[in-house]
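Please look over the model shown here. The report then covers confidence, strand pairing, the core and a few selected residues.

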Amino acid sequence: MVSMKKRERAWTAVLLFVVIALTGFGSVASERVSFDKGANSATFTAALGEGHDYVLGAKAGQTLTVALQGPSGVYFNVMPPNSQEALVNTSITGDARWTDSVKQDGDYTVRVYQMRAASRRGKSPNFTITLAVR
């Protein structure tokens, strides 16, 4: 007869395996964006890999613009400071460009990604992204 403790450990191991299988081990690359002196935008080209985060500071009332060029199936989200709730999710909207006035001071994260199934198939398309704060 299996003890309750062993059964709990077994279920914990199963749940941990499921979480890892669903989320994957991959890590998202992260880059702090700084603009050249006198510039208010920057353009980056990269291979997507497991995803890429661009972190840039903005002040309330400034306009943040994101423009993505890449193959179908490459998307971006914009998250406000200290939040994982996206202001825009282009896998839903289908947009390749987004502009809006930000509501608070702080670091905004632009996450470029593809759906997990594409990542698992080893796809790592190239993309170009332009980020601007005005």
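The text below moves from confidence to the sheet, then to the core and to single residues.

**Confidence**

This is a predicted model. The mean pLDDT of the protein chain is 83. Of its residues, 75% reach 70 or more. Confidence is highest in strand S4 (residues 63–69), at a mean of 98. It is lowest in helix H1 (residues 4–23), where the mean is 48. Residues 13–25 have a pLDDT below 50. Beyond near neighbours in sequence, that stretch has 4 contacts in the model. Where pLDDT is low, predicted coordinates should not be read in detail.

**The sheet**

An open sheet is built from 5 strands, in the order S1-S3-S8-S5-S6. Its pairing is mixed. Strand S1 (29–32) and S6 are the edge strands, and each pairs on one side only.

S5 (residues 74–79) has two pairings, set out here.

| Strand pair | Sense | Bridges | Residues opposite each other |
|---|---|---|---|
| S5 and S8 | antiparallel | 6 bridges | Val78 and Val110 |
| S5 and S6 | antiparallel | 2 bridges | Asn77 and Asn89 |

How much of S5 is buried? The count is 5 of its 6 residues, so S5 is largely enclosed by the rest of the structure.

**The core**

The largest nonpolar core holds 24 residues. Those with the most contacts inside it are Tyr54, Phe76, Val110, Val112, Phe127, Ile129 and Leu131. Strands S2 (41–47), S3, S4, S5, S8 and S9 (126–133) each supply at least two core residues. S9 gives the most, with 4 residues.

Val110 is worth following through the model. Leaving aside neighbours within four places in sequence, Val110 contacts His52, Asp53, Tyr54, Leu56, Val66, Phe76, Asn77, Val78, Ile129 and Leu131. Val78 in that list is also the residue that stands opposite Val110.

**His52**

His52 lies in strand S3 (residues 52–58). Is His52 buried or exposed? His52 is buried, because its relative accessible area is 10% and the cut-off for buried is under 20%. Its side chain makes a polar contact of 3.3 Å with the side chain of Glu31. Again leaving aside neighbours within four places in sequence, His52 is in contact with Val28, Ala29, Glu31, Val110, Arg111, Val112 and Phe127. Glu31 therefore appears both as a contact of His52 and as its polar partner, by the N or O distance limit of 3.5 Å.

**Aromatic pairs**

The whole structure contains 2 aromatic pairs. One of them joins Tyr75 and Tyr113. Their ring centres are 5.8 Å apart, and their planes differ by 40 degrees. Why is this pair tilted? Its angle of 40 degrees is neither under 30 degrees, which would count as stacked, nor over 60, which would count as edge-to-face, so the pair counts as tilted.

The two rings come from distant parts of the chain, 38 residues apart. Tyr75 sits in S5, and Tyr113 sits in strand S8 (residues 106–114). Tyr113 counts as buried because its relative accessibility is 13%.

How values were computed
Residues numbered from 1 in each chain as written. Predicted model: local features only at pLDDT ≥ 70, side-chain atom pairs only at ≥ 80, totals over all residues. Heavy atoms only, no water. Phe/Tyr/Trp six-rings, centres within 6.5 Å; stacked < 30°, edge-to-face > 60°. Buried < 20%, exposed > 50% of the residue type's maximum accessible area, 1.4 Å probe, protein only. Polar contact = N/O pair within 3.5 Å; in protein donor to acceptor, adjacent residues only side chain to side chain. Contact = heavy atoms within 4.5 Å. pLDDT = per-residue confidence, 0-100. Core = buried A, V, L, I, M, F, W, Y, C linked by side-chain atoms within 4.5 Å. Pairing = 2+ DSSP bridges.
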